[in-house]
Amino acid sequence: MLAEPVALVEVSSDGGEPRPTGIAEFDRALSGGLVPGSVTLVGGEPGVGKSTLLLQLAAAVALGGAKVLICSAEESAGQIRRRADRLDAAVDGVSLLATTSLAEAVAAAERLAPELLVIDSVQTLGDPDLGAAGSVAVVREVAARLVSLAKQRQIATVLVGHVTKEGELAGPRVLEHLVDTVCSFEGDRHHALRMLAVNKHRFGPTGELGVFAMGEHGLVSVADPSAFMLADRRPGAAGCVVAPVLEGRRPLLVEIQALVAESALGTPRRTAQGLIPGRLALLVAVLERRAGCPLGRYDVFASAVGGVRVSEPASDLALALALASSALGRPVPAEVVACGEVGLGGEVRQVTQTPKRLAEAARRGFRRAIVPWSAPAELEGIELVRVRDLAEAVDTLR
Ligand code: TYD
Ligand code: MG
């Protein structure tokens, strides 16, 4: 029989309602939780904490009264149990299956009919009929079967996908079209901060962000990331400037630090941590040529504090001011933030969503903001210091 089209206005809009998982920042990132029958891919580098996140997710969903099945090809059931003990995640309602067989995983899910199925990881499941696990064709086929299982049985399914440092792999990239939601779990191993960014989402906006801290007992939701990021700040130190950046849709206050020191080397060092090295080099040159800050003979170190990666041009002005502040030995007052893009001519340019950024700064007690001349109208709670170019911005330090 041929399928008949239905009038749009007569189609029911039911379904697609997210169910809260009980992990606050996960639910925030996914605009409310997991939708029954949806497939979510969580990508990330090895060791970032994907298995930890999903074990905690499984436990939280089970505590909410739903059945959960975790199929792991990466760890034995014993290993998962030991980790669950550390995480307080050994709860009723979570079943484990350690297998590398797609057929076994599918059969178990059909038998158990869980509300949530976790597959850790999609690259390690295989099938004798398909060929070796991990190849692009097999990963795609495994995912396609899991997607049709999820739709048929209305099982919310979360797939783990490994990503290499370059973001490449037989895995996430080829799966993006198949699944409903694509998240990436990111963070620097040496820091506690972890971020769950949503890059594709069929049930809500993309760009939402969940923030966690990895500790001894797993991941903890961080409801106020700006407070978390600024916790160890030493207000009033030269070379330190707070920038209100946007991670997706979420405003975040990040401290940008710079240290300018006499160099003993013929070619002075330029080191950027959590910042784009090319951007640092550019700002050093612009400061030198357009704002009268000769940095050429100095080693320059710059970092975004706390394990975040800041790639937004909106952080240019804060970085440039941090450099100038360190070079001049003049601190930027503690209650000041800076946001703006810096052009090659030394001009300071407007950035997107300035009010949202400044509102976050005002909320955390900042009282003044150095902004581009063309920045939008005044904002309650924060005084705007408008600058046309970098030279004017640097003048605020003198
Ligand atoms: P894991 O979830 O195994 O990462 P992935 O599945 O992405 O490869 O997490 C591994 C790291 O997390 C490991 O280096 C140790 C750290 N960790 C903690 O710091 N605290 C904890 O409670 C747990 C379970 C892990
Ligand atoms: Mg893992």
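User: In this predicted model, how far apart do the C-alpha centres of domain 1 and domain 2 lie?

Analyst: Good place to start! The domain assignment of the chain gives domain 1 as residues 17-223 and domain 2 as residues 228-395. Taking the C-alpha centre of each domain, the separation comes to 37 Å.

User: How many residues of domain 1 are in contact with domain 2, and how much area is buried between the two domains?

Analyst: On the contact side, 17 residues of domain 1 meet 10 residues of domain 2. The size of an interface is often given as the accessible area lost when the parts come together. Here carbon and sulfur atoms give 61% of the area buried between domain 1 and domain 2, and the total is about 1100 Å².

User: Which residues form the salt bridge between Glu 25 and its partner, and how far apart are the closest N and O atoms?

Analyst: Between domain 1 and domain 2 the count is 1 salt bridge. Glu 25 forms a salt bridge with Arg 250. For this pair, the closest N and O atoms are 2.7 Å apart.

User: Which element gives the largest share of the side of domain 1 that touches domain 2?

Analyst: Let's begin with the polar contacts: 5 residue pairs, both at pLDDT 80 or more, are in polar contact between domain 1 and domain 2. On the side of domain 1 that touches domain 2, the elements that give two or more residues are helix 1 (24-29), strand 7 (193-201) and strand 8 (209-215). By class, that side has 9 nonpolar, 4 polar and 4 charged residues. The largest share, 4 residues, comes from strand 8.

User: Which residues come nearest to ligand 1?

Analyst: There are 16 residues around ligand 1. The ones that come nearest are Gly 47, Ser 51, Thr 52, Gly 215 and Gly 218.

User: How far from an oxygen atom of ligand 1 are the polar side-chain atoms of Arg 83 and Arg 86?

Analyst: Backbone atoms take part here too, since a polar backbone atom of Gly 49 is 3.0 Å from an oxygen atom of ligand 1. For Arg 83, a polar side-chain atom lies 3.0 Å from an oxygen atom of the ligand. For Arg 86, the corresponding value is 3.5 Å.

User: Why does the salt bridge of Glu 110 and Arg 153 tie together parts that are apart in sequence, and by how many residues?

Analyst: The structure holds 21 salt bridges, and one of them joins the side chains of Glu 110 and Arg 153 at 3.7 Å, N to O. Glu 110 lies in helix 4 (residues 102-112) and Arg 153 in helix 5 (residues 136-153), so the pair ties together parts whose separation in sequence is 43 residues.

User: Where does the cis peptide bond sit?

Analyst: Most residues other than glycine have a negative phi, and most peptide bonds are trans. In this chain, Ser 121 is in the loop between strand 4 (116-120) and helix 5. With omega of about 0 degrees, the cis bond joins Asp 120 and Ser 121.

User: What is the phi of Ser 31?

Analyst: Ser 31 lies in the loop between helix 1 and strand 1 (39-44). Ser 31 is not a glycine, yet its phi is positive, at about 55 degrees.

Methods:
Residues numbered from 1 in each chain as written. Chains lettered and ligands numbered in written order. Predicted model: local features only at pLDDT ≥ 70, side-chain atom pairs only at ≥ 80, totals over all residues. Heavy atoms only, no water. Domains from an automatic or database assignment. Contact = heavy atoms within 4.5 Å. Buried area = accessible area lost by both parts, 1.4 Å probe. Salt bridge = Lys/Arg side-chain N within 4 Å of Asp/Glu carboxyl O. Polar contact = N/O pair within 3.5 Å; in protein donor to acceptor, adjacent residues only side chain to side chain. Nonpolar A, V, L, I, M, F, W, Y, C, P; charged D, E, K, R; others polar. Near = heavy atom within 4 Å.
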